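Please read the following briefing alongside the sequence and the model. It takes up contacts, the nonpolar core and the surroundings of the ligand.

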Amino acid sequence: INDCLRGRLNASEGQLTLGGISDYLSKLRQADRIIIAACGTSWHAGLVAEYIFEEFCRIPVEVEYASEFRYRNPVIHEGDILIAISQSGETADTLAAMELAKSRGATVLGVCNVVGSSIARISDAGVYTHAGPEIGVASTKAFTAQLSVLSMIALKVAQQKGTISETRFREMLAHLEQIPAKVEEALKSEEQIRGISELYQDAKNFLYLGRGYNFPVALEGALKLKEISYIHAEGYPAAEMKHGPIALIDEEMPVCFIATRDGSYDKVVSNIQEVKARKGKVIAIVSEGDVLIPKMVDHVIEVPNTHEAFMPLVATIPLQLLSYHIAVMRGCNVDQPRNLAKSVTV
Ligand code: F1P
């Protein structure tokens, strides 16, 4: 995240420079809608971006699985902007979605990690994530770097569009600038997370629940666990629990809540109560200093506070560590999980 922010963000000066897309900022702020296309973890980053763009820029956003978008007959207008997100820059479905959008007159922007990759080359313009090479197949630091870039783009557009005041813009920059230190802080829970992992390494299923900005975090937590430990895991919006997944809950079901202090905190507390009433085992990711949730749940992992829009950057860290430790304890190869390719080019 440091490498991603460096040279672009200076909160005390109120500066945010995104050279790669500077010529496209006017198109972005005039856009009637933004389509985001990606796969896997990158799609989850797109979902967080949807919340941020809609909140701060008031531009409607559609987040598409590139693997579906490319095969249907989507309505694409000339003024549309498609943002493609990819770690490898080579994902075939994402490339095909970009080609389709381009052929129908949309502007195509890229957020990717690999300089000179196919996705970078086909983009009209883009912003590199500068996350460095992902050693393992499963995307981890690329995800947080993607969130950083997408947040910066949204804030820049919001500033230019006037949908946020200059004061709020500066406040948000200050929050973003503090994220690397908060991630460092979140990493300090590793030993505690190792202990929790020991208790759940033999679980057959896992449920991840969150609301608002933390809903995509729940999806990403579940995906990471599936990818590297081969435990079946589902991520859901916590409010959807009562529409189906609640039937799964019993004393055998670990449920991981991303329950940091934000606008939906009280609602998440009720969801936790619903799970506990059915004897589910609850692991809760909470904001530091929370005194209510720790009394209700089986395990609690604290993360530093930040603005709710940036919480995914911090709250993802314990979930990545949980997946990592469970996978290692189960003897899985975390760098090269079975059946997964670093870039899915077919
Ligand atoms: C997308 C992705 C990754 C996942 C795995 C397979 O890749 O689904 O999120 O971890 O490596 O591919 P990309 O387009 O972000 O490179």
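Two residues are in contact if their C-beta atoms, placed from the backbone, lie within 7 Å. This is a predicted model, in which local features need pLDDT of at least 70 and side-chain atom pairs count only at pLDDT 80 or more, while totals for chains, interfaces and linings use all residues. Residues are numbered from 1 along each chain as its sequence is written.

**Contacts**
- Leaving aside residues up to four places away in sequence, A84 touches A37, A38, T94, A97, M98, V108, G110, I119 and S123.
- Of the contacts in the protein chain between residues at least 6 apart in sequence, 74% join residues at least 24 apart.

**Nonpolar core**
- The largest nonpolar core (buried Ala, Val, Leu, Ile, Met, Phe, Trp, Tyr and Cys residues joined through C-beta atoms within 7 Å; buried means 20 or more other C-beta atoms within 10 Å of the residue's own) has 120 residues, and those with the most contacts inside it are I36, L82, A84, A154 and F257.
- Helix 7 (residues 141-161) gives the most to this core, with 12 residues.
- Because domain 1 (2-177) and domain 2 (186-329) both give residues to this core, it lies between them; the domain bounds come from an automatic or database domain assignment.

**Ligand surroundings**
- The ligand is surrounded by 16 residues, counted when the C-beta atom, placed from the backbone, lies within 6 Å of it, and the closest are G40, T41, S86, S88 and T91.
- Helix 3 (residues 40-57; helices are DSSP runs of H or I, at least four residues, numbered from the N terminus) gives the most to this shell, with 3 residues.

Definitions and conventions:
A residue is buried if 20 or more other C-beta atoms lie within 10 Å of its own, exposed if 12 or fewer, and partly exposed in between; C-beta atoms are placed from the backbone. Helices (H or I, at least four residues) and strands (E, at least two) are DSSP runs, numbered from the N terminus.
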